[in-house]
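Colleague: Could you walk me through a few residues of this model? I would like the cut-offs along the way.

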Amino acid sequence: MQAVFIAYDQAHHENIIDALDRSSCRGFTSFGEVQGRGSKTGVPHYGTHAWPSMSQAMLAMVEDDRLQALLDRLKALDEAKPKLGLRAFVWPVTRTI
């Protein structure tokens, strides 16, 4: 099992849930509005007058055999609208309760 942290422009939210559904990934926690900026390109997402857009974040627990399908869908979303911003990071899950 892998933990996938997804940070994205709030406009992607429904598409992220759809990507999880289509990849048969059920478990996730959405953090709602978060602030941040990308490490390479893109504008800050601060929710201020100067930088009004906001980000959202999600942590999904993904079975190993479903991970690549999810990452492929997320990459396609990012490539379709690169100015919005979307990043995914994967960590191994070593224990659960």
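Modeller: Happily! Contact here means heavy atoms within 4.5 Å. This is a predicted model, in which local features need pLDDT of at least 70 and side-chain atom pairs count only at pLDDT 80 or more, while totals for chains, interfaces and linings use all residues. Residues are numbered from 1 along each chain as its sequence is written, and side-chain values use heavy atoms, with hydrogens and water left out.

Colleague: Leaving aside neighbours within four places in sequence, which residues is leucine 74 in contact with?

Modeller: Leucine 74 belongs to helix H2, residues 64-80 (helices are DSSP runs of H or I with at least four residues, strands are E runs of at least two, both numbered from the N terminus). Its C-alpha is 8.9 Å from that of isoleucine 6, although 68 residues separate the two in sequence. With those neighbours set aside, the partners of leucine 74 are Ile6, Ile16, Ala19, Leu86 and Ala88.

Colleague: Is leucine 74 buried or exposed?

Modeller: Buried means under 20% relative accessible area, exposed means over 50%, and partly exposed is in between, using a 1.4 Å probe and protein chains only. Leucine 74 has a relative accessible area of 2%, so it counts as buried.

Colleague: Which residues have the most contacts inside the largest nonpolar core?

Modeller: A nonpolar core is a set of buried Ala, Val, Leu, Ile, Met, Phe, Trp, Tyr and Cys residues joined through side-chain atoms within 4.5 Å. The largest one has 16 residues, and those with the most contacts inside it are Ile6, Ile16, Leu70 and Leu74. Two or more residues each come from strand S1 (2-9), helix H1 (13-22), strand S3 (55-62) and H2.

Colleague: Which side chain does the side chain of glutamine 2 make a polar contact with?

Modeller: Glutamine 2 sits in strand S1, and it is buried because its relative accessible area is 16%. A polar contact is a pair of N or O atoms within 3.5 Å; within protein, one must be able to donate a hydrogen and the other to accept it, and residues adjacent in sequence count only if both atoms are side-chain atoms. At 3.0 Å, the partner side chain is that of aspartate 64.

Colleague: And how is arginine 87 classed by accessibility?

Modeller: Arginine 87 lies in strand S4, residues 86-92, and its side chain makes a polar contact with that of aspartate 78 at 3.4 Å. Because its relative accessibility is 39%, arginine 87 counts as partly exposed.
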